[in-house]
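Here is a short tour of charged pairs and a nonpolar patch. Take a look at the sequence and the structure, then read on.

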Amino acid sequence: MAENRGQWGSKFGFIMAAAGSAVGLGNIWRFPYLTGEHGGAAFVLIYIFCVVLVGAPMLINEIALGRFTGKNPVGAVQKLGGNKIWVLLVGVLPLIVTFVVLSYYSTIAGWTVGYIFTSLFSIKTTFSEFIANPAIVVPLGAAVVLLTVLIVLGGVSGGIEKATKIMMPMLFVLLIVVIFRSVTLPGAGKGIEYYLVPDFSKINGHIVLAALTQAFFSLGVGWGMMITYGSYLPKTQNIVTSSLWVGAMDTSVALLAGFMVFPAVFAFNQSPAEGPTLVFTVLSNVFQQMPLGNIAGALFFLLLFFAAITSTISMLEAPSAYYIDQKKWSRKKAAWTVAIAAFIFGIPSALSTGGVESLSIMQVNFLGIIKTSFMDIFDYLFGSLLMMVVVMSTCLFTGWFIKTELLVDEIEQGMPSFKTGSILGIAPYKIWLFMIRFVCPIIIGMVILNMFGVFG
């Protein structure tokens, strides 16, 4: 089945594609501002711990689920005998989440394209003015969707793998270039100290829960994308090492992003706790003030664009794979249908950042949590809450409903030591099962309760 649907041409290609799926605006935009809001290095340490403890087992889980079944999320659950509830929670819901997130994520990706040019040519504009102009943000979002669908039309190996094998190395090169410019600024040492020297007194339950949420958001679990990508993975590949490489690359991009942002922010005496506007507002102003800042700024937003587009590719591929598998559509019909629908569905989000006042000032009080603007509401509901519901459901489904030996045997195919090896006297598969069955559900449950305001 995997061969008929498409297959990754190499282990490196899969790692680049899966890492590209995980690496996105969550790493370069969301991680730095959350780090700034939660005290710097203390948050970073907790985040790394969360990725290793919870993120990695879930990543292995979803990739194994995809490769064992050779299907998209819906087909995977059906093949494993899941009833209608499991099909809804583990199969349909992640595809809905991914589709909705793609609809507004492409708009944000379009902002990065616009900022490449405003930075390069030193065009004076504020962030609020830029995103409130429908004549700019809507066409840029459409351009992102168009590029994404053209890549997906090339197929698994000829389109997605080929594109990510080019863009991911370029992203790392641009990261190093911008980091070098940032850390060599006068006064950058204060930012490096803020980022590397933890103040353990700042660690509390809210920081831990924020780090957990970011770990799931960043790694791309709970979206159906890793199940889909896993379904294209050849049986000869090692799931564990491939998953760990993906997690390591994703985490390294997030950590490197901090070295771009905080030295520059502190060098120009800006506040690191500016929230979501940290990159688009504060850092843009910093680039305008530094020597050769227009070039550094353009490179920064170029790498932000690469990170975004490698994610939109997987966001389009996952629901497209459903129509290819379940409805027997051609790849062309599936990709274009999902892409056009996502663009149309995302127009209200694009207009809610200032283009249409009624969409910009709307408020929803969700159990005491007030969200404003159409995009903000969708991001909270689909990009956070329902995404965590999918992660929890996937954990429970694979840990307790199906015969977990099936996935253990699947993982063992490329890693014989998964059953026979030993970590501190315990077989690796037993540690993984314990994490999936007990540790991950408890921690995910705490994150969901926190989203409902249970912890204050």
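## K419 and D409

In this predicted model, K419 and D409 are joined by a salt bridge, with 2.6 Å between N and O. K419 belongs to helix 20 (residues 417-420) and D409 to helix 19, so their pairing ties together parts that are 10 residues apart in sequence.

How accessible are the two partners? K419 has 31% relative accessibility and therefore counts as partly exposed. D409 is partly exposed as well, because its relative accessible area is 34%; the band for that class runs from 20% to 50%.

## K235, E410 and a network

Helix 19 (residues 404-412) also carries E410, whose side chain meets that of K235 in a salt bridge at 3.0 Å, N to O. This pair links distant parts of the chain: K235 sits in the loop between helix 12 (225-230) and helix 13 (239-267), and the two residues are 175 residues apart.

Is each partner buried or exposed, or in between? E410 counts as buried because its relative accessibility is 2%, and the cut-off for buried is under 20%. K235 is partly exposed, with a relative accessible area of 38%.

Which residues are joined into one network by salt bridges that share partners? They are R67, K235 and E410.

## R331 and E317

Another salt bridge is formed by R331 and E317, and their closest N and O atoms are 2.8 Å apart. Here R331 is in helix 16 (residues 331-351) and E317 in helix 15, 14 residues apart, and the pair is again one that links distant parts of the chain.

Both R331 and E317 are buried. As general background, side chains of opposite charge can pair when their charged atoms come close. How many salt bridges does a search of the whole structure find? The count is six, and the ones described here include K419 with D409, K235 with E410 and R331 with E317.

## A nonpolar patch

Now for a feature without charges. Which residues make the nonpolar surface patch of about 600 Å²? Its members are F117, L120, F121, I123, L292 and I295.

One of these members, L292, lies in the loop between helix 14 (278-289) and helix 15 (293-326). L292 counts as exposed because its relative accessibility is 61%, and the cut-off for exposed is over 50%. Helix 15, which follows that loop, is also the helix that holds E317, the partner of R331.

Methods. Residues are numbered from 1 along each chain as its sequence is written. This is a predicted model: local features need pLDDT of at least 70, side-chain atom pairs count only at pLDDT 80 or more; totals for chains, interfaces and linings use all residues. Side-chain values use heavy atoms; hydrogens and water are left out. Patches are made of residues with over 30% relative accessible area and no salt bridge: like charges are joined within 9 Å, nonpolar side chains (Val, Leu, Ile, Met, Phe, Trp, Tyr) within 5 Å. Accessible areas come from the Shrake-Rupley method with a 1.4 Å probe; for residues, only the protein chains shown count as cover. A salt bridge is a side-chain nitrogen of Lys or Arg within 4 Å of a carboxyl oxygen of Asp or Glu. Helices (H or I, at least four residues) and strands (E, at least two) are DSSP runs, numbered from the N terminus. Buried means under 20% relative accessible area, exposed over 50%, partly exposed in between (1.4 Å probe, protein chains only).
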